[in-house]
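Biologist: Before we examine this model, I should like each descriptive term to be set against its criterion. Please begin when it is displayed.

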Amino acid sequence: MPYQEDFLLRAYRSMRTIREFEERCIKEFMGGNIPGFVHASNGQEAIAVAACIDLSDSDIIGSTHRGHGHCIAKGCDVGGMMKEVMGRSTGLCKGKGGSMHIADIDKGMLGANAIVGGGPPLVNGAALAAKTLGTKNVALSFNGDGSANQGTTMEAMNMAVVLQLPHIFIYENNGYAEGTAANYGLGCDSLTDRNAGFGMPAEYVDGNDFFATYDAIKVATQRARDGGGPTSIEAKCVRFDGHFIGDPQLYRGEDEVKNARKTEDCLKIFRARVIKEGWLKAATMNAIDKEIVAEIEKAVADGLAAPRPDPSTDLLSDVYSSY
Amino acid sequence: MTTNSNDAKIGGKTSIKAYREALNDAIREEMRRDPTVIVLGEEVSGGAGCDGQDDAYGGVFGVTKGLMPEFGRERVIDTPISEAAIIGAAAGAANNGLRPIAELMFFDFIGVSFDQIFNQAAKFRYMFGGKSKTPMVIRGTVGAGWRAGAQHSSILHSVVTHIPGLKVVMPSNAYDAKGLMVQAIRDEDPVIFLEHKVMYNNECEVPDEQYAIPFGEAAFPRQGKDVTIVAISNMVTHAIAAADILAKEGITCDVIDPRTVSPLDDEAILESVEVTGRLVVVDEGNPRCGLASDIAGIVAEKGFFSLRAPIRTVTAPHTPVPFAPELEDAYVPNVDKVLAAVRDVLGA
């Protein structure tokens, strides 16, 4: 078997955790337990996990506003994440960041980002540090089809090539830049072709296929570790929820999401493949599902019971390293 | 000078309108009147290239809803997510015969486009010896209160007010929103038009006809003789509430809403302080180099001998906007903080 059983179990567990986390976030947001703007990534789990499963805590990722999945794939604690999106003082960012700024520097998670295109230049910086310090670490930026059109993203791509930085630019193309069609915002036919024009290897993969995505990113990551510079990976995927939770999604076609859940669900595709190949048993995965439901249930209960920040001590702290 | 922001001076029929609707009416009527007015930005219509409904958003807060169906995608332009290119296109088009209204979905995104604003649009006229005109409006939603976190909640008016060549408008109610938007569109200079995101549903009586409120003319939502309270944007709501509470105690406040912070009606503020001798400035911005310290500085310099007590400012603290509701609520100035400041300057 081309993949170790342990690897497959970790991949499945991580993807399923993201799915459950996001679906609970939607429920808890609608129930009033999560404030603010939340952008769920259910449907896009395979890319996050394929990209992060082989990374160490010293490899860096930069995320987007749709960042929960990247956090979980990079090993962030789901309890700390749930507390953060609920705005509790024991959350990953002490409740100061929230869903759009969730980060865990110790895990090499440089942060979700509420500015489209805010991440790629920063991830170049992480890659520059790795190159300069000779750590052999790599840096990955997650980008959407929307952020591909930001100047910051294009500048970062060009500079990554010029400086031969160990930076893998991952484009999650879910077909929508918020509520606008991806192919409306892109002036050419293919983002991958455009990215190749920057002078880096550029691959297009089916992001619903964990294995195809993993294989492509693995090659890119190894190349970056070996000093071969950046790569672009565009992964086609489906966003099951709105741009933000509560988005009425009037711009989507009738039954579009319903159909996608049937035929383009990366978790279902993963399960079908590993069962067909005889790599994992359905019962094993079902048992994992149950564990994860309990784990997220606990995260929600712990989150709701967690202390809220105290303005008298927490509002003015953390602006500077020293005062 | 006007007397009261909410007293319609304009004749004819009025209707109860929300801040959002008043802005929409202003833009729609100007687009009907002047074919050179265009709207561009991210999802100002929404659904471009998609299989579902057109005009799916009308801007993320619905301010430009319905404009695309009436004026078409040639004049209501959904752009890629490219803020620098959006603002640059608006500035370039403004120099070449159009009157663009460019939207920054959240004004925090000014960071991505800032060069096109402060180095380009703001400086054209001066650098080119007064020979160019840049009649553009940059609309953006500002302010805290939505639990939207540090990168979607900034107010940043002081940053743009610092820049010569820009006009900065911050309506505090639907009546002013309409009249100031009309003026902004007709104005010959780049105008930064900041809409507070907690105010979109706030309603008041708004004349049906189109009217322009001149820039640099303050409004006086409450008049009094004991303390001058200057407040801007959503802080006017708190200033009025505080004034009404104090009025019951026999303390009368002169509440001044400058409506535009560049140009600033400093005359109105100085005249008021001449009577009251006491000044409280309420501003949601951060305190350093901010609007509150700017107004305090003007009064300290030009109205020093009118003052009977030290000036007090009520602002956000020197921190980014926090996410957690308890922290965000503590961050934004509120009625209690305004009351405390007023009592402080009264020595009460």
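Modeller: Strand 5 (residues 137-142) and strand 7 (residues 191-196) of chain B run parallel and are joined by six bridges. This is a predicted model, in which local features need pLDDT of at least 70, side-chain atom pairs count only at pLDDT 80 or more, and totals for chains, interfaces and linings use all residues. Residues are numbered from 1 along each chain as its sequence is written, while chains are lettered from A and ligands numbered from 1 in the order in which they are written.

Biologist: What makes strand 5 and strand 7 of chain B a pair?

Modeller: Two strands pair if DSSP finds at least two bridges between them, and here there are six. Val137(B), for instance, stands opposite Val191(B) in strand 7 of chain B. The strands themselves are DSSP runs of E with at least two residues, helices being runs of H or I with at least four, and both are numbered from the N terminus.

Biologist: Which strand order does the open sheet of seven strands in chain B have, and why is one side of strand 3 and of strand 12 left without a neighbour?

Modeller: The order is 3-2-4-5-7-6-12, with mixed pairing. Strand 3 (76-78) and strand 12 (260-262) of chain B are at the edges and have a single partner strand each, so one side of each has no neighbour in the sheet. Neighbouring strands are turned by 20° against each other on average, direction ignored; axes are lines fitted to C-alpha atoms, for helices over the stretch in contact, and angles run from 0 to 180 degrees between N-to-C directions.

Biologist: How do you know that strand 9 and strand 11 of chain B pair?

Modeller: They belong to an open sheet of five strands with the order 9-11-10-13-14 and mixed pairing. Strand 9 (219-222) and strand 14 (312-314) of chain B form its edges, each with a single partner strand, and neighbouring strands are turned by 25° on average, direction ignored. Strand 9 and strand 11 (residues 253-257) of chain B share two bridges in the antiparallel sense, so they meet the requirement of at least two. Val255(B) in strand 11 is the bridge partner of Arg222(B).

Biologist: Why is helix 3 of chain B called roughly parallel to helix 4 of chain B?

Modeller: The axes of helix 3 (residues 83-94) and helix 4 (residues 110-121) of chain B come within 6 Å and cross at roughly 25°. Helix 3 of chain B is therefore roughly parallel to helix 4 of chain B, since angles under 35 degrees count as such, over 145 as roughly antiparallel, 65 to 115 as roughly perpendicular and the rest as oblique.

Biologist: Which residues meet there?

Modeller: Among them, Ile86(B), Ile87(B) and Ala91(B) in helix 3 of chain B meet residues of helix 4 of chain B that include Val112(B) and Ile117(B). A contact requires C-beta atoms, placed from the backbone, within 7 Å. The helix contact has seven nonpolar, four polar and one charged residues; Ala, Val, Leu, Ile, Met, Phe, Trp, Tyr, Cys and Pro count as nonpolar, Asp, Glu, Lys and Arg as charged, and the others, Gly among them, as polar.

Biologist: How many residues does each chain give to the contact between chain A and chain B?

Modeller: Chain A gives 40 residues and chain B gives 38. On the side of chain A, helix 6 (151-162), strand 5 (180-181), helix 7 (182-185) and helix 13 (311-314) each give two or more residues, and helix 7 of chain A has the largest share, three residues. That side divides into 16 nonpolar, 18 polar and six charged residues.

Definitions and conventions
Two residues are in contact if their C-beta atoms, placed from the backbone, lie within 7 Å.
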